[in-house]
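Colleague: I'm new to this one. Could you put it up on screen and walk me through it?

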Amino acid sequence: MKLVYFAWLRERIGLPEETIDPPPGVATVAELVAWLQTRGPGYAAAFARPEAVRAAINQTHVKPDATLAPGDEVALFPPVTGG
Amino acid sequence: MAVRVQLEDFDPGAELARLTDGDHSVGAAVSFVGLVRDLAEGDRLIAMTLEHYPAMTQAELERIEAEARARWPLTDCLIVHRFGRLTPGARIVLVITASGHRQAAFEACAFLMDWLKTKAPFWKLEETASTRRWVEAKATDDDAAGRW
C-alpha cells in the first residue's frame, strides 16, 4: 500500500511517500502507526504521540480503528490547519 | 456551486459579482475572506506556506460544500482556497453563500468556515526572522465545528 506523509510528519520521517507491505497483524490505522514507530528514529519521532496523528484512506478522513486494504493510499498527517 | 483550490490570488468583489449578477432569486449574499496576518505568536511573520494534499483537497472541500447545501437552501456557493507561500496581507480563503434570505446565507457561511478549519487538508508553516514553525490546530476550531 502507498503511504503519504504531510507537514512535520513528513519532515521527521524524511520522505513524502513510500510503498510498504505491512506485516500480518497490522489491520487498522492505529496498528499501522504503532508498527511504523518501530521502523527507525525518524518514524519514532514522527509517531511519538499517536493521538496527534490523523489519517485518510483513499482521500477520505478515517478514525484510528479504520481497517486497511491492499492497494489503499493511506495518508498520515497532523491535525489540519487550513482556512 | 463551485470549489477552487489554487496558487493564484482571487478578487473577492469580482467573485461576488459573478455569483449574484443575473440571478434575481438571490436576496442575500454573505462573503468571508481569510487573510495572512503579520503576527505569529508575538513575532513578525515573514511568510506563511500552505501545504496541501492535492489528491484530497478538492474532493474534501466539495464534500463540505455539499453538506452546507443539504442543510440550508442556498441558491449558490463558492469556496476558493489558496496554497503555496503567502506573505502578510495575502488572501488565503474565500467563502461566498447566496440564498433567498439572509439567515441561511449567514449560517451556511459560518458553517463552511468552521468545517473547513477542521477538515480541509492544508497545513500552515510560519516563517519568522528566527524560526519556522508548523501551526498547531486549535481546540476552539474543533469546538466551533462541533456546534453545527
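Colleague: How far apart are the mean positions of the positive and negative charges of chain B?

Modeller: First, this is a predicted model, where local features need pLDDT of at least 70 and side-chain atom pairs count only at pLDDT 80 or more, while totals for chains, interfaces and linings use all residues. Residues are numbered from 1 along each chain, chains are lettered from A as written, and side-chain values use heavy atoms without hydrogens or water. Lys and Arg count as positive, Asp and Glu as negative, leaving out His and chain ends, and each charge is placed at NZ, CZ, CG or CD, respectively. For the 18 positive and 23 negative charges of chain B, the mean positions are apart by 2 Å.

Colleague: What radius of gyration does chain B have?

Modeller: The radius is taken over C-alpha atoms, and the globule rule is 2.2 Å times the number of residues to the power 0.38. For 148 residues that rule gives a value near 15 Å, and chain B agrees with it, at 16 Å.

Colleague: Which element gives the largest share of the largest nonpolar core?

Modeller: Such a core joins buried (under 20% relative accessible area, 1.4 Å probe, protein chains only) Ala, Val, Leu, Ile, Met, Phe, Trp, Tyr and Cys through side-chain atoms within 4.5 Å. This one has 32 residues, with V95(B) and L112(B) among those with the most contacts inside it. Helices are DSSP runs of H or I, at least four residues, and strands are E runs of at least two, numbered from the N terminus. Nine of the core's residues come from one element, α3(B).

Notes:
Buried < 20%, exposed > 50% of the residue type's maximum accessible area, 1.4 Å probe, protein only.
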